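Q: Please take a close look at a single part of this model, and go through it slowly enough that I can follow each step on the structure. I would like one connected account, with every cut-off given when its term comes up.

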Amino acid sequence: FGLVFPVGLGSAAITAGVAFMSGRYTPQAQGSTSEADYTIGTSLGASYTLPFANVWLVTADYKWQAYDYDFSSSSDIVGYTLSEELSQFGITVAYSF
């Protein structure tokens, strides 16, 4: 999902998403596999793009993602939950031909 709208001399955008997935983890030392049958993730983002000198664009963007895995117990692995959170900021300069 995303929205783009004019702000000042440029444009701003916001994005959001949801992911449904599964996961598998196999520790090398143990050799057995743990499964996460159902995992949900979320993603949010925001950016601002400013054109300049007719052919150049500069964009600043921020993205945040989070995932939660619920691994079940197996014969030799105790069940556990794993959470990941990622955050990044970037600046892009582009030239339009």
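A: Strand 4 and strand 5, the latter covering residues 80-95, each supply at least two residues of the nonpolar patch, where strands are DSSP runs of E with at least two residues, helices are runs of H or I with at least four, and both are numbered from the N terminus. The model is a predicted one, in which local features need a pLDDT of at least 70 and side-chain atom pairs count only at pLDDT 80 or more, while totals for chains, interfaces and linings use all residues. Residues are numbered from 1 along each chain as its sequence is written, and side-chain values use heavy atoms, with hydrogens and water left out.

The patch is made by Phe52, Trp56, Tyr62, Phe89, Ile91, Val93, Tyr95 and Phe97, and has an area of about 960 Å². Patches of this kind take residues with over 30% relative accessible area and no salt bridge, joining nonpolar side chains (Val, Leu, Ile, Met, Phe, Trp, Tyr) within 5 Å, whereas like charges are joined within 9 Å. Accessible areas come from the Shrake-Rupley method with a 1.4 Å probe, and for residues only the protein chains shown count as cover. Strand 5 gives the largest share of the patch, four residues. As background, the side chains of a regular strand alternate between the two faces of the sheet.

Within the patch, ring pairs link Phe52, Trp56, Tyr95 and Phe97 into a cluster. Rings of Phe, Tyr and Trp (its six-membered ring) pair if their centres lie within 6.5 Å, with planes under 30 degrees apart counted as stacked, over 60 as edge-to-face and the rest as tilted. The whole structure holds three aromatic pairs. In one of them, phenylalanine 52 and tryptophan 56 have ring centres 6.4 Å apart and planes at 15°, so this pair is stacked. In another, the ring centres of tryptophan 56 and tyrosine 95 are 5.0 Å apart and the planes stand at 65°, so the pair is edge-to-face. That second pair links distant parts of the chain, since tryptophan 56 is in strand 4 and tyrosine 95 in strand 5, 39 residues apart.

These three aromatic residues can also be placed by accessibility, where buried means under 20% relative accessible area, exposed over 50% and partly exposed in between, with a 1.4 Å probe and protein chains only. Phenylalanine 52 is partly exposed at 38%, tryptophan 56 is partly exposed at 34%, and tyrosine 95 is partly exposed at 42%.

The backbone pairing around the patch can be followed from strand 4, which spans residues 56-71. Strands pair if DSSP finds at least two bridges between them. Strand 4 and strand 5 run antiparallel and pair over 16 bridges, one residue match being glutamine 65 with leucine 86 in strand 5. Strand 4 is also joined to strand 3 by 13 bridges, again in the antiparallel sense, and here leucine 44 has tryptophan 64 as its bridge partner, while glycine 41 stands opposite tyrosine 67. Strands 3 and 4 form a hairpin with three residues between them, and alanine 53 in the turn has a positive phi of about 55°. Further along, strand 3 (residues 34-52) pairs with strand 2 (residues 10-25) over 14 antiparallel bridges, with glycine 41 as the partner of alanine 19.

Strand 4 also holds aspartate 61, which is buried at 18% relative accessible area. Leaving out residues up to four places away in sequence, aspartate 61 touches Ala46, Ser47, Gln88, Phe89, Gly90 and Ile91, where contact means heavy atoms within 4.5 Å. Aspartate 61 forms a salt bridge with lysine 63, the closest N and O atoms being 3.6 Å apart; the term covers a side-chain nitrogen of Lys or Arg within 4 Å of a carboxyl oxygen of Asp or Glu. The count of salt bridges comes to one. Lysine 63 is partly exposed at 40%.

To set this part in its surroundings, the protein has zero helices and five strands. Buried residues make up 20% of its 97 residues, and 61% of its accessible surface of about 7000 Å² belongs to carbon and sulfur atoms. Of the contacts with a separation of 6 or more, 48% are between residues 24 or more positions apart.
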